[in-house]
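Subject: Structure handover

Dear colleague,

Here is the structure for your files, with its sequence. My notes on what was found in it follow below.

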Amino acid sequence: VAVHGDHRLERFVLGLDIRDTCSDRTRIIEQVIAMHSHRAPGQGSASPGCAVDVPLVVGPGTGDEVVAASNVMATMGVPHVAYQAASSRFDSRTEYPFFFRTVPSDGMQVIAILDVMLVNGWDYAHVLASNDRLTGRPGLHQMEHYMQQETQVCAGVSDWFDAADAPKM
């Protein structure tokens, strides 16, 4: 897609390559490698006669998928932007040097939530989180820690739930 309207941008061409990884870590790794080598798995060049550098990858969004994609992309020097990865695990610039996110980390969300509570004079809360090892449980533990160590906010209930058990809307 050519960028029109500004003569300074007319020499730039924007492109995209959308792939479905089906939330499968092996497929994610295959797709990342294939994008970097300019071909789809089992296919020829994605754009015949055109070798295009992949400047960055957006997605996958969360959890183990992000770990798999980021680890492969870091070895290639390709920036990775995740649109849902909130786990504080990804805060390490040493472990994830090419990782960026569009949402705040769990730790920053905890601080923001407690700031809202303190500003409003709320001193009691029920804390619920999803039961997953990258975001829910660590986020819940961070919330409990800050509530006990940094504030006078009390947790009435502190628990997690399985997303599969949540009622369907």
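There is 1 cavity of 30 Å³ or more. A cavity here is a set of points, on a 1 Å grid over the protein atoms alone, where a 1.4 Å probe fits but cannot get out; a pocket is an open set with protein on both sides within 12 Å along at least five of seven lines, and lining residues have an atom within 4 Å of a point. Grid points are joined across faces, edges and corners, and a volume is the space filled by probe spheres set on the points. The largest cavity has a volume of about 30 Å³. Its lining consists of S70, A74, H80, Y96, P97, F98 and F99. By class, 5 of the lining residues of the largest cavity are nonpolar, 2 are polar and none is charged. In this scheme Ala, Val, Leu, Ile, Met, Phe, Trp, Tyr, Cys and Pro count as nonpolar, Asp, Glu, Lys and Arg as charged, and the others, Gly among them, as polar.

Please note that this is a predicted model, in which local features need pLDDT of at least 70 and side-chain atom pairs count only at pLDDT 80 or more, while totals for chains, interfaces and linings use all residues. Residues are numbered from 1 along each chain as its sequence is written, and side-chain values use heavy atoms, with hydrogens and water left out.

The protein chain has 4 helices and 5 strands, taken as DSSP runs (helices H or I, at least four residues; strands E, at least two) and numbered from the N terminus. Their order from the N terminus is α-β-α-β-β-α-β-α-β. Of the 169 residues in the protein chain, 28% are buried; buried means under 20% relative accessible area, exposed over 50%, and partly exposed in between, with a 1.4 Å probe and protein chains only. Among contacts with a separation of 6 or more, 40% are between residues 24 or more positions apart, a contact being heavy atoms within 4.5 Å.

Next, the open sheet. The order of its 3 strands is β1-β2-β3, and the pairing is parallel. The edge strands, β1 (57-58) and β3 (99-101), each pair on one side only; pairing requires that DSSP finds at least two bridges between two strands. Strand β2 (residues 80-82) is joined to β3 by 3 bridges, and H80 has F99 as its bridge partner in β3. Both H80 and F99 also appear in the lining of the largest cavity.

Helix α2 (residues 63-76) lies across β1, β2 and β3, at about 165° to β2. For such angles, axes are lines fitted to C-alpha atoms, for helices over the stretch in contact, and the values run from 0 to 180 degrees between N-to-C directions. V67 lies in α2 and counts as buried because its relative accessibility is 12%. Beyond four places in sequence, V67 is in contact with R89, F90 and Y96. The C-alpha atoms of V67 and R89 are 9.6 Å apart, with their positions 22 residues apart along the chain.

Two prolines in loops are worth listing. P60 is in the loop between β1 and α2, and a cis peptide bond joins G59 to P60, with omega about -5°. P104 is in the loop between β3 and α3 (106-119). At 44% relative accessibility, P104 is partly exposed, and it touches A86 and Q109, leaving out residues up to four places away.

The other strand pair is β4 (residues 124-130) with β5 (residues 154-161), parallel over 7 bridges. S130 stands opposite F161 in β5. Side chains alternate along β4: A125, V127 and A129 point to one face and are buried, whereas Y124, H126, L128 and S130 point to the other and are not. V127 has a relative accessibility of 9%, so it counts as buried. Its contacts beyond four places in sequence are L140, M143, M147, A155, V157, S158 and D159. The C-alpha atoms of V127 and A155 are separated by 6.7 Å.

Last, the second largest pocket holds about 240 Å³ of space. Of its 14 lining residues, V110, L128, A129, G139 and L140 are the closest to its centre. β4 gives the most to this lining, with 5 residues, and α3, β4 and α4 (136-149) each supply at least two. The lining of the second largest pocket divides into 7 nonpolar, 6 polar and 1 charged.

Regards
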